[in-house]
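Hi there,

Here is the structure I promised to pass on. Have a look at it first, and then read on for my notes.

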Amino acid sequence: MSSSHHCHGSEKKPIEIYMFIDPLCPECWALEPVLKKLQIEYGRYFSIKHVISGKLAMLNISTKQHFENIADLWEKTASRTGMSCDGSLWFENPVSSPHIVSVAIKAAELQGRRAGNRFLRKLQEELFFGKQNISNQEILKDCAKAAGLDVEEFISDLHSDSAAKAFQCDLKITSEMEVQEIPTLVFFNENIEDEGIKITGIYPYQVYEQILFEMLPNTPERSNPPPIEAFLKHFNLVASKEIAVVYNMSVGEVEKEMKKLQLKQVVEQLPAKYGVFWRYVNSQS
């Protein structure tokens with residue numbers, strides 16, 4: 001697996017991680033706590049490039065049986081990983097066009113990789129937590145606005161050749177790198193000749209940390225996470241599970257801490273089907 005597609009952005013870091021995802025994939029959502037921790041502790045050593053794999057394109061087969069299978073997968077993933085995703089979406093408000101969602105992520109990325117990342121997260125929140133049909137253009141606009149994008153530019157890009165071509169390019173990379181399952185992460189270092197290290201599925205945090213250690217010439221220094229309040233302010237909406245992973249706490253300990261912040265009216269509690277989400281209240285100020 002060569003890194004012929006190595007994209008060198010302005011933020012040159014020693015490692016680039018190609019993350020193959022599908023916006024509707026519950027396993028990709030379940031990887032969020034680990035990614036947050038990795039970015040907080042070692043973010044200065046790597047950048048992430050999201051590649052939309054289109055593996056769930058068969059969602060266009062919208063039979064009742066098919067939706068039942070997906071709902072079942074969502075429920076199992078949620079109960080196993082603690083990252084809530086409510087399968088009832090597929091009976092109440094199914095995503096009508098997975099293709100549009102994929103193109104929308106590429107349209108958001110035209111405003112920069114960070115903008116694309118923020119937009120993807122908002123989409124995932126609306127889908128897995130808000131149970132919204134994220135292929136609806138109004139929902140896409142809301143996500144773009146919440147992610148701080150130029151909404152008019154985003155809508156224009158959504159219907160442009162550039163976004164459609166970018167998605168086609170992602171499908172090509174997926175096929176060339178022989179990515180069969182999602183999520184898959186491929187770690188590349190600066191040496192173009194070196195093969196990437198491919199890791200498929202969800203693993204404990206230490207596995208990803210170990211790969212970084214192996215690929216970097218010197219032992220990387222771990223950064224400490226910010227105070228929990230700063231973390232909440234930055235991400236705005238987070239699951240108890242995400243806080244637990246980032247801060248090495250149990251979900252029970254997290255909920256105790258959060259209740260204190262709730263009393264101070266710093267956060268509000270948003271119960272989900274599995275676990276709890278917390279929204280930073282002062283985010284509008």
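A small one to start with: is Gln265 buried or exposed? Keep in mind that this is a predicted model. Gln265 is exposed, because its relative accessible area is 61%, above the 50% cut-off. Its place is in the loop between helix H13 (251–263) and strand E6 (267–271). The backbone deserves a look here too, as phi of Gln265 is near 60°, a positive value in a residue other than glycine. Most residues other than glycine have a negative phi.

Asn236 also has a positive phi, of about 70°, and is not a glycine. You will find Asn236 in the loop between helix H11 (228–235) and strand E5 (237–239). Asn236 counts as buried because its relative accessibility is 18%, and the cut-off for buried is under 20%.

While we are on the backbone, which two residues are joined by a cis peptide bond? They are Ile182 and Pro183, with omega at about -5°. Most peptide bonds are trans. Pro183 sits in the loop between H9 and strand E3 (184–188).

Both partners of that cis bond turn up again around Glu27. Leaving out residues up to four places away in sequence, Glu27 touches Thr77, Arg80, Ile182, Pro183 and Ile202. Glu27 belongs to helix H1 (residues 26–30), and it is buried, since its relative accessible area is 17%. The C-alpha atoms of Glu27 and Ala78 are 8.8 Å apart, with their positions 51 residues apart along the chain.

Now for the helices. Helix H5 (residues 98–109) has 12 residues and spans 17 Å from its first C-alpha to its last, close to the 16 Å expected at 1.5 Å a residue. How many of the 12 residues of H5 are buried? Nine are, so that H5 is mostly covered. The buried ones are Pro98, Val101, Ser102, Val103, Ala104, Ile105, Lys106, Ala107 and Ala108. Their cover includes strand E2 (46–52) along with the helices H6 (113–129), H7 (137–146), H8 (151–158) and H9 (161–176).

Two residues from those covering helices are worth a stop. Glu153 lies in helix H8 and counts as partly exposed, because its relative accessibility is 36%. Its C-alpha is 8.6 Å from that of Gln111, and the two are 42 residues apart along the chain. Ile173 lies in helix H9 and is buried, with a relative accessible area of 2%. Between the C-alpha atoms of Ile173 and Val281 there are 40 Å, for a separation of 108 residues along the chain.

Next, a helix pair. Two packed helices are described by the angle between their axes and the distance between the axes. For helix H2 (residues 32–42) and helix H10 (residues 205–215), the axes come within 10 Å and cross at roughly 40°. This crossing of H2 and H10 is right-handed. H2 brings Val34, Lys37, Leu38, Glu41 and Tyr42 to the contact, and H10 brings Tyr205, Tyr208, Glu209, Leu212 and Phe213. Sorted by class, the contact has seven nonpolar, no polar and three charged residues.

Arg222 joins in with this pair: leaving out residues up to four places away in sequence, it touches Glu41, Tyr42 and Glu209. Arg222 has its place in the loop between H10 and H11. From Arg222 to Leu38 is 9.4 Å, C-alpha to C-alpha, while 184 residues separate the two in sequence.

Finally, the overall division. The protein is split into domain 1 (15–177) and domain 2 (228–280), with 23 Å between their centres, taken over C-alpha atoms. How many residues of each domain are in contact with the other? The count is 20 residues of domain 1 and 17 residues of domain 2.

For one residue to click on, try Glu75 in helix H3 (residues 64–81). Glu75 counts as buried because its relative accessibility is 17%. With residues up to four places away in sequence left out, Glu75 touches Cys85, Asp86, Gly87, Ser88, Lys273 and Tyr274.

Happy browsing, and best wishes!

Conventions:
Residues numbered from 1 in each chain as written. Predicted model: local features only at pLDDT ≥ 70, side-chain atom pairs only at ≥ 80, totals over all residues. Heavy atoms only, no water. Helix = DSSP H or I, 4+ residues; strand = E, 2+ residues; numbered from the N terminus. Expected span 1.5 Å × (residues − 1). Buried < 20%, exposed > 50% of the residue type's maximum accessible area, 1.4 Å probe, protein only. Contact = heavy atoms within 4.5 Å. Axes fitted to C-alpha atoms, helices over the stretch in contact; angles between N-to-C directions. Left-handed = near helix turned anticlockwise from the far one by under 90°. Nonpolar A, V, L, I, M, F, W, Y, C, P; charged D, E, K, R; others polar. Domains from an automatic or database assignment.
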